[in-house]
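Please examine the structure below with its sequence at hand. The paragraphs that follow proceed from the sheet to the turn, the charged residues and the core.

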Amino acid sequence: AVADDSPVIGQRLRDLSGLLPRNSIIATIVRTDTAFVPGGSDIIEPGDTVVIIAMASDIDEAQRLLQGL
């Protein structure tokens, strides 16, 4: 789940290009038992579960970002 102090909280997906690893994409957001394919105007909220597609070498970086580490 996305941490309360993650820098992605409250930001639109289209504005995350400088934070997420290059060539990664948020494919799905799960929020309160509902999964959806997000668009650029969707916002990540605390507690969301996020499915990211990325190169194996970038997964740790993306995970640290979402967990607020």
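Two strands are said to pair if DSSP finds at least two bridges between them. With that definition in mind, one may look at T28, which stands opposite V51 in β3. The strands β1 and β3 pair in the antiparallel sense, and five bridges join them.

The model is a predicted one. Its pLDDT averages 91 over the chain, and 99% of the residues score at least 70. Among the elements of the chain, β2 has the highest mean pLDDT, 97, while α1 has the lowest, 88.

Which strands make up the sheet, and in what order? The sheet is open and has three strands in the order β2-β1-β3, with antiparallel pairing. Because β2 and β3 stand at the edges and each has a single partner strand, one side of each is left without a neighbour in the sheet. From one strand to the next, the twist averages 20 degrees. A general remark may help in reading such an arrangement: in a regular strand, side chains alternate between the two faces of the sheet.

The pairing of β1 with β2 may now be followed residue by residue. These two strands run antiparallel and are joined by three bridges. V30 has A35 in β2 as its bridge partner, and R31 has T34 in β2 as its bridge partner. Together β1 and β2 form a hairpin, with two residues between them.

What is notable about the backbone in the loop between β1 and β2? T32 lies in this loop, and T32 has a positive phi of about 45 degrees although it is not a glycine. D33 is found in the loop between β1 and β2 as well. The phi of D33 is also positive, near 65 degrees, and D33 too is a residue other than glycine. Are these residues buried or exposed? T32 has a relative accessible area of 71% and is therefore exposed, since the cut-off for this class is over 50%. D33 likewise counts as exposed, at 80% relative accessibility.

Attention may now turn to the charged side chains. How many salt bridges does a search of the whole structure find? The search finds three. One of them joins R31 to E45, with the closest N and O atoms 3.4 Å apart. This pair links distant parts of the chain: R31 belongs to strand β1 (residues 25-31), whereas E45 lies in the loop between β2 (34-36) and β3 (49-53), and the two are 14 residues apart. E45 is partly exposed, with a relative accessible area of 36%.

R31 also forms a salt bridge with D48, and here the closest N and O atoms are 2.7 Å apart. Because R31 lies in strand β1 and D48 in the loop between β2 and β3, the pair ties together parts that are 17 residues apart in sequence. D48 is buried, because its relative accessibility is 1% and buried means under 20%. R31, E45 and D48 are thus linked in a network of salt bridges.

Another salt bridge is formed by D15 and R12, whose closest N and O atoms are 3.0 Å apart. Both residues are partly exposed: D15 has a relative accessible area of 39%, and R12 has a relative accessibility of 34%.

The nonpolar interior comes next. Which residues of the largest nonpolar core touch the most other members? The core has 13 residues, and those with the most such contacts are V8, L16, I26, I44 and I52. At least two residues of this core come from each of β1, β3 and α1 (59-66). The greatest contribution is that of α1, which gives three residues. L16 offers a view of these surroundings: neighbours within four places in sequence aside, L16 is in contact with V8, Q11, I26 and I44.

A last residue to locate is S6, which is found in the segment before β1. Is S6 buried or exposed? S6 has a relative accessible area of 5% and is therefore buried. When its neighbours within four places in sequence are left aside, S6 is in contact with L65, L66 and G68.

Technical notes: Residues are numbered from 1 along each chain as its sequence is written. Side-chain values use heavy atoms; hydrogens and water are left out. A salt bridge is a side-chain nitrogen of Lys or Arg within 4 Å of a carboxyl oxygen of Asp or Glu. Buried means under 20% relative accessible area, exposed over 50%, partly exposed in between (1.4 Å probe, protein chains only). Helices (H or I, at least four residues) and strands (E, at least two) are DSSP runs, numbered from the N terminus. A nonpolar core is a set of buried Ala, Val, Leu, Ile, Met, Phe, Trp, Tyr and Cys residues joined through side-chain atoms within 4.5 Å. Contact means heavy atoms within 4.5 Å. pLDDT is the predictor's confidence in each residue, from 0 to 100. Axes are lines fitted to C-alpha atoms, for helices over the stretch in contact, and angles run from 0 to 180 degrees between N-to-C directions.
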